[in-house]
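This report walks through one protein model, from its sheet to its nonpolar cores, its salt bridges and its metal site. Please keep the sequence and the coordinates at hand while reading.

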Amino acid sequence: MSVLRLSDVSWAAMRAALDAGRRTAVFAVGSTEQHGPHLPLRTDALLGDALVTRLAPRLGEVVVGPTVPFGVATHHMAFPGTITLDTETFQAVVLQYVRSLASHGFETVLVVPSHGGNFGPLAQLLESTGGEVGGARFVPYTDLAAFVAVLERVGRDDGIPPEVSGSHAGEAETSIVLAERPDLVDMSAAVRGFDGVFDDEVAQRIFTGGTAALSANGVLGDARPADAARGARYLEALTDLLAGFFAPVLEGRP
Ligand SMILES: [Zn+2]
């Protein structure tokens, strides 16, 4: 199954695809934010690209929309280069993206968050819209706990504990970027950051005091044991999770 990318083709090609029955679109919502001293600011957007590229062929004849490069990243603003949207603006961007697709005839729009701060606002949107936007079915993935659990499982299988694989810019995300774009990773700057267990109390400290209150280098986890082959396994496992969620949604639809 070939991946049809909306932003790589002409409007005429898009018209032809819609006429041929490609009425499902999928796009990721990432972020442009600090990921430690060793990873690029676009790490979460890159993760979004990687996930939808792997996911699309498993869902049939879908169209892949461009990844939204901005998310809700207020807690990373102490680090230069981070760009954040407030929650309302983020939600408005997603809504108008989906509405635009719906107006062209897309019947189902799937949304993949690739940044932790985007899951909650997407869940709120799902609730406020009832899963319908502009006449299209609006289906965001919103289970952050399951997403994190997959990363932890893949790490553990390789002897990497969750405090190392980390919730932000640790071994897991570093491995993923090594698998996708090793040219953007500076492993000589890879460091250990906050290495406690990421629980509700820690999450609370981050969302009130910002990431810098917990980790001066911006890393939650330990980036040093990162490995490209494991990064590919993280991506495959996340794709399995997403395909398992979205495929039943599309059942019976081309
Ligand atoms: Zn990230």
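Is strand S6 (residues 136-140) mostly covered or mostly exposed, and how many of its 5 residues are buried? In this predicted model, strand S6 is mostly covered, with 4 of its 5 residues counted as buried.

**The sheet**

Strand S6 belongs to an open sheet of 6 strands, whose order is S1-S3-S2-S4-S6-S5 and whose pairing is mixed. The edges of this sheet are formed by strand S1 (4-5) and by S5, each of which pairs on one side only. On one side of S6 lies S4, and these two strands pair in the parallel sense over 4 bridges, with Val-111 having Pro-140 in S6 as its bridge partner. On the other hand, strand S5 (residues 132-133) runs antiparallel to S6 and is joined to it by 2 bridges, Glu-132 standing opposite Arg-137 in S6. S5 and S6 form a hairpin with 2 residues between them, and in this turn Gly-134 has a positive phi of about 60 degrees. S4 also pairs with S2, again in the parallel sense, over 6 bridges, and here Ala-25 stands opposite Val-109 in S4.

**The nonpolar cores**

In soluble globular proteins, nonpolar side chains tend to be buried together. The largest nonpolar core of this model holds 30 residues, and the members that touch the most others are Val-26, Leu-51, Leu-55, Val-112 and Phe-246. Two or more residues of this core come from each of strand S2 (24-29), H2, strand S3 (62-64), strand S4 (108-113), H5, H7 and H9, and H9 gives the largest share, with 8 residues. Taking Val-26 as an example, and leaving aside residues up to four places away in sequence, its contacts are Val-52, Leu-55, Val-62, Val-63, Val-64, Gly-65, Leu-110 and Val-112. Apart from this core lies another one, of 26 residues, which includes Leu-18, Ala-25, Tyr-97 and Phe-106. Ala-25 is thus named both as a member of this other core and as the residue opposite Val-109 in S4.

**The salt bridges**

Side chains of opposite charge can pair when their charged atoms come close. The structure holds 12 salt bridges, and the table lists some of them with the N to O distance.

| Salt bridge | Distance, N to O |
|---|---|
| Arg-230 and Asp-158 | 2.6 Å |
| Asp-158 and Arg-233 | 2.6 Å |
| Arg-181 and Asp-183 | 2.7 Å |

Salt bridges that share partners join Asp-158, Glu-171, Arg-230 and Arg-233 into one network. Why does the salt bridge between Arg-230 and Asp-158 tie together parts that are 72 residues apart in sequence? Arg-230 lies in helix H9 (residues 228-250), whereas Asp-158 lies in the loop between helix H5 (144-157) and helix H6 (162-165), so the pair connects these separate parts. Arg-233 lies in helix H9 as well, and its salt bridge with Asp-158 therefore ties the loop between H5 and H6 to that helix across 75 residues of sequence. The burial of these partners can be given one by one: Arg-230 is buried, at a relative accessible area of 9%, Asp-158 is partly exposed at 33% relative accessibility, and Arg-233 is partly exposed with a relative accessible area of 39%. For the pair of Arg-181 and Asp-183, Arg-181 counts as partly exposed at 29% relative accessibility, while Asp-183 counts as exposed at 55%.

**The zinc site**

The zinc ion has as its protein donors His-35 (NE2), Asp-44 (OD) and Glu-173, the last appearing twice through OE, at 1.9 to 2.8 Å from the ion. The angles among these 4 donor atoms span 52 to 141 degrees, and the site is classed as irregular. Along the sequence, the donor residues follow the spacing H-x8-D-x128-E. Asp-44 in helix H2 (residues 43-55) and Glu-173 in helix H7 (residues 171-180) are 129 residues apart, and this pair links distant parts of the chain. Are these two donors buried or exposed? Asp-44 is buried, with a relative accessible area of 2%, and Glu-173 also counts as buried, at 14% relative accessibility.

Terms used: Residues numbered from 1 in each chain as written. Predicted model: local features only at pLDDT ≥ 70, side-chain atom pairs only at ≥ 80, totals over all residues. Heavy atoms only, no water. Donors = N, O, S within 2.8 Å, 3.2 Å for Na, K, Ca; no water. Tetrahedral: all angles 85-135°; square planar, octahedral: opposite > 155°, others 65-115°. Buried < 20%, exposed > 50% of the residue type's maximum accessible area, 1.4 Å probe, protein only. Salt bridge = Lys/Arg side-chain N within 4 Å of Asp/Glu carboxyl O. Core = buried A, V, L, I, M, F, W, Y, C linked by side-chain atoms within 4.5 Å. Contact = heavy atoms within 4.5 Å. Pairing = 2+ DSSP bridges.
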